[in-house]
Amino acid sequence: MNINFTLVAQAIVFAAFIWFTVRFVWPPMLRAIETRQKQIADGLAAAEQGKKSLEVSGKQAEQAIQEARMRAAEIIAQAEKRDAQMVEAAKLAAKAEGEREKAAAKADIQQEAQRAREQLREQVAALAIAGAEKILRREVDAKAHADLLDGIKKQL
Amino acid sequence: MAAGKELNPTEYIGHHLTHDAQPFLGDGGFWTLHVDSLAVSILLGFVGIGLIWWIVRGATSGVPNRRQAFIELLFSFVDNQAKGIFKHGDRNAFIAPAALTVFVWVLLMNAMDFLPVDIVALGTHHLSEHGFRIVPTADVNTTFALALSVWFLMLFFSVQAKGFGGWMHELFCSPFGGKLFPLNLLFNAIEYLSKPLSHSLRLYGNMYAGELIFLLLWTWAATGVVGILFASIFGLAWAIFHILIVVLQAYIFMMLTIVYFSMAHEHH
């Protein structure tokens, strides 16, 4: 154990190595590691964010599907309702048409009967007048008795 | 047997425990340099810290390759120790990198103990005839250099953190209060004295003892076939155990460095 100048020399060497490490070795390593740590933290945060937004969009999709389903059901219900209405309306229209046609036919028939009755009356009148004429040919002057004949014709 | 001539065990061990001491100024005395310790420690510092620097220079914040992953492992190991102990400011400014330097450097210097002395001596004998010790931490100058550097830095941080007045106050008034100031001073003086001593001598003692035990085993190996057999077995066992000691002592030295720096920042 003899202490000598080696001690001083070694201390200087030691100081130089410490200086070198402090200045050139430690900072770049620290920078690299800290940058990586930050990147990893950022990545994890982004993943978390992604997961969350996925969840949210999943919920939104669910909601949209639900809405669409409800709307579809609504539309179908409306369509059914309209269908029923249309059928009903068509029924009513058909019924009304039938009534009208029936009424028209009835009117026609009445008119026809009226007309037939009219004709019959005219023919009967003509027949009666013809018969009266035949009976009265000689004595009756057609002109003189025209008023009378017309009166008869009207009565018939 | 390195020197080529017959040596008795005492001479053998003495030979291997002789530094390559060169007078630096005049005829030596204090002005002597242990060229072996200095050269090996500088070389190891360049290898260890240079390697880390070379890898760190190309460090990416993306996916690290194996080289970088290894250095990052080392980095986080040291950083975690510093983080756990030093809570008085930015450890990245000085304490953590200093701890990394200490750990890497001391570990490599300790690891020189694994190299078989006689085979290394075949090469180092061309450099120096009077001995070349390749374990710088088995040289008390190296361990004291490190411990005293840490000690002076500790004083510096103490004054920096508390001011000179605050530090003086602490020296006289802690831990027993102002009335017992002589006792406090004595107490603190012993503490300040024991820190570098225990710090350096623990490392020195472990490494020196490890070296010595290897040398004793190799003198046994020189006695014959049985000696070679047993020396090999015990040498292997001691080398394996020494792996623990080498790493543990480097770790302890680093931890004490951090602890002393941390204590310097604490207010009492």
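**Exercise 1. Describe how helix 2 and helix 3 of chain B pack against each other.**

Solution. Start with the geometry: helix 2 (residues 35–57) and helix 3 (residues 66–85) of chain B pack at an angle of about 120°, and their axes are 10 Å apart. Keep in mind that this is a predicted model.

Next, turn the angle into a word. Angles of 65 to 115 degrees count as roughly perpendicular and those over 145 as roughly antiparallel, so helix 2 of chain B is oblique to helix 3 of chain B. The crossing of helix 2 with helix 3 in chain B is left-handed.

Then look for the residues that meet. Helix 2 of chain B brings B:Ile52, B:Ile55 and B:Val56, and helix 3 of chain B answers with B:Arg67, B:Gln68 and B:Ile71. Sorted by class, this contact has four nonpolar, one polar and one charged residues.

**Exercise 2. Do the same for helix 7 and helix 8 of chain B.**

Solution. Helix 7 covers residues 181–221 of chain B and helix 8 covers residues 225–265. Their packing angle is about 170°, with the axes 9 Å apart. Angles over 145 degrees count as roughly antiparallel, and therefore helix 7 of chain B is roughly antiparallel to helix 8 of chain B. The classes in this contact are 18 nonpolar, seven polar and two charged residues.

**Exercise 3. Find the residues that touch the most other members of the largest nonpolar core, and say which elements supply this core.**

Solution. The largest nonpolar core has 69 residues, and B:Ala99, B:Val102 and B:Phe103 touch the most other members. Now trace the suppliers: helix 1 (5–136) of chain A and, from chain B, helix 2, helix 3, helix 4 (95–111), helix 5 (117–124), helix 6 (140–173), helix 7 and helix 8 each give at least two residues. Helix 4 of chain B provides the largest share of this core, 13 residues.

To finish, zoom in on B:Phe103. Leaving out residues up to four places away in sequence, B:Phe103 touches B:Val78, B:Ala250 and B:Met254.

**Exercise 4. Characterise the contact between chain A and chain B.**

Solution. Count each side: 28 residues of chain A are in contact with 39 residues of chain B. On the chain A side, the residues divide into 21 nonpolar, six polar and one charged.

**Exercise 5. Summarise the overall build of chain B.**

Solution. Begin with the elements: chain B has eight helices and two strands, arranged along the sequence as α-β-β-α-α-α-α-α-α-α. For extent, the C-alpha atoms of chain B fill a box of roughly 65 × 55 × 40 Å along the principal axes. For burial, 35% of the 268 residues of chain B count as buried. For contacts, take those in chain B with a separation of 6 or more: residues 24 or more positions apart account for 67% of them.

**Exercise 6. Compare the settings of B:Pro175 and B:Pro182.**

Solution. B:Pro175 sits in the loop between helix 6 and helix 7 of chain B. The peptide bond leading to B:Pro175 from B:Ser174 is cis, with omega near 10°.

B:Pro182, in turn, lies in helix 7 of chain B. Is B:Pro182 buried or exposed? A residue with 12 or fewer other C-beta atoms within 10 Å is exposed; B:Pro182 has 9 C-beta neighbours inside 10 Å, so B:Pro182 counts as exposed. As a last step, take the C-alpha to C-alpha distance from B:Pro182 to B:Asn65: the two are 58 Å apart in space and 117 residues apart in sequence.

Note on methods. Residues numbered from 1 in each chain as written. Chains lettered and ligands numbered in written order. Predicted model: local features only at pLDDT ≥ 70, side-chain atom pairs only at ≥ 80, totals over all residues. Axes fitted to C-alpha atoms, helices over the stretch in contact; angles between N-to-C directions. Helix = DSSP H or I, 4+ residues; strand = E, 2+ residues; numbered from the N terminus. Parallel < 35°, antiparallel > 145°, perpendicular 65-115°, else oblique. Left-handed = near helix turned anticlockwise from the far one by under 90°. Contact = placed C-beta atoms within 7 Å. Nonpolar A, V, L, I, M, F, W, Y, C, P; charged D, E, K, R; others polar. Core = buried A, V, L, I, M, F, W, Y, C linked by C-beta atoms within 7 Å. Buried ≥ 20, exposed ≤ 12 C-beta atoms within 10 Å, placed from the backbone.
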